[in-house]
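Reader: Please take a close look at one part of this model and describe what surrounds it.

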Amino acid sequence: MSARRVLFVGGSGIISSACSQLAVAHGIDLTVLNRGSTTRRPLPAGVTVLRADIRDPDAVRTALGNREFDAVVDWIAFTPAHVRTGIELFRDRAGQYVFISSASAYQTPPARLPIVESTPLRNPYWQYSRDKIACEELLVRAYREDAFPATIVRPSHTYDRTLVPFDGGWTVVDRMRRGREFVVHGDGTSLWTLTHHTDFARGLVPLLGHPAAVGDTFHITSDEVLTWNQIAETLAAAAGVPARIVHVPSDVIAATDPEWGAALLGDKAHSMIFDNTKLRRLVPDFVASVPFAQGAREIVDWYDADPARQRVDARLDTLHDRLVEAYRIHDVTATGSEG
């Protein structure tokens with residue numbers, strides 16, 4: 001039996017890098033198409049690399065030549081225009097087109113938990129999520145009307161050692177280590193799901209070229225659920241310091257900083273728990289095995305290995321100071337359902 005032939009558009013990002021490693025380990029004949037502009041996450045040996053910008057369809061056609069694939073995964077499609085390009089490029093050369101959507105496309109705030117794949121899609125707060133919804137609608141129509149072999153995959157908050165799970169990245173850890181208080185939205189008790197990128201890969205790679213996945217939708221997440229207070233405390237423990245948390249309502253943060261607020265009101269401010277039963281029907285041995293306690297240590301160790309990585313966002317650092325000063329005395333603990 002010949003190896004599955006898979007193309008990754010992208011392949012060196014936070015999520016895709018782990019999938020590239022696992023795909024090769026599973027004997028997949030992997031080709032990666034990208035611009036070659038990043039070396040932070042090198043591709044594994046044995047990958048065929050093609051250089052082209054996916055936003056230049058003619059260059060992509062030239063790079064691909066007459067190659068055909070059992071599956072194509074588009075890691076960097078964010079708008080309907082991107083998806084239309086993908087449909088045109090891969091309609092006749094792929095047995096499956098996997099679109100990486102987002103769990104933030106689900107109804108926000110959710111009417112019920114846990115989230116399942118049939119949960120309605122609606123996010124009035126975040127344009128990123130609305131664009132992903134529009135992409136999904138386009139692919140569903142292409143599948144229904146033209147049998148375009150689309151599979152939709154929705155990651156939630158997926159991280160690797162380079163990604164601190166707070167806005168501003170290392171800024172929050174830097175504040176922790178300087179003994180400074182830092183902001184956690186709401187009262188810190190809303191529930192959140194963090195997924196290590198290697199765990200996501202364990203769910204995705206078996207779907208590639210799987211005929212039962214075509215025309216369907218799956219999310220891939222950890223089963224570990226933590227409050228935002230626990231996430232902050234776990235990260236602080238990995239950094240070797242206590243967590244000096246000040247709680248600020250998400251709508252106050254949004255009024256102060258619309259960009260930070262959009263990611264909160266459109267995603268992180270609401271409890272999100274996922275049911276992975278549907279994925280396990282096709283991937284019965286899927287288990288997310290990396291707890292955030294381990295992931296947090298990986299994050300801190302990676303940043304500590306090279307102090308040049310420890311970049312502080314001066315604007316967000318100042319914003320934390322402002323919000324902490326305003327809310328330190330009467331730390332908000334009664335924010336209702338705001339979370």
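Which helix holds Arg141?

Author: The model is a predicted one. Arg141 lies in helix 4, which covers residues 127-146. With a relative accessibility of 41%, Arg141 is classed as partly exposed, because that class runs between the 20% limit for buried and the 50% limit for exposed. Arg141 and Glu233 are 92 residues apart along the chain, and 44 Å separates their C-alpha atoms.

His157 is the next residue to consider. Strand 7, made up of residues 157-159, contains His157. The relative accessibility of His157 is 13%, so this residue counts as buried, the cut-off being under 20%. The side chain of His157 makes a polar contact of 2.9 Å with the side chain of Trp192. Beyond its neighbours within four places in sequence, His157 touches Trp192, Thr193, Leu194 and Thr195, and also Leu163, Pro165, Trp228 and Lys268.

Some of these names return in the cavity lining. Among the contacts of His157 are Pro165, Trp228 and Lys268, and these three residues are also among those lining the largest cavity. The model has one cavity of 30 Å³ or more, and the volume of the largest cavity is about 80 Å³. Its lining also includes Phe166, Asp167, Val172, Val183, Val184, His185, Trp260, Leu264 and His320. Strand 8 (182-185) and helix 9 (258-268) are the elements that each supply two or more residues to this lining. Sorted by class, the lining consists of eight nonpolar, two polar and two charged residues.

Definitions and conventions: Residues numbered from 1 in each chain as written. Predicted model: local features only at pLDDT ≥ 70, side-chain atom pairs only at ≥ 80, totals over all residues. Heavy atoms only, no water. Helix = DSSP H or I, 4+ residues; strand = E, 2+ residues; numbered from the N terminus. Buried < 20%, exposed > 50% of the residue type's maximum accessible area, 1.4 Å probe, protein only. Polar contact = N/O pair within 3.5 Å; in protein donor to acceptor, adjacent residues only side chain to side chain. Contact = heavy atoms within 4.5 Å. 1 Å grid on protein atoms, 1.4 Å probe; cavity = no way out; pocket = protein on both sides within 12 Å on 5 of 7 lines; lining within 4 Å. Points joined across faces, edges and corners; volume = space filled by probe spheres on them. Nonpolar A, V, L, I, M, F, W, Y, C, P; charged D, E, K, R; others polar.
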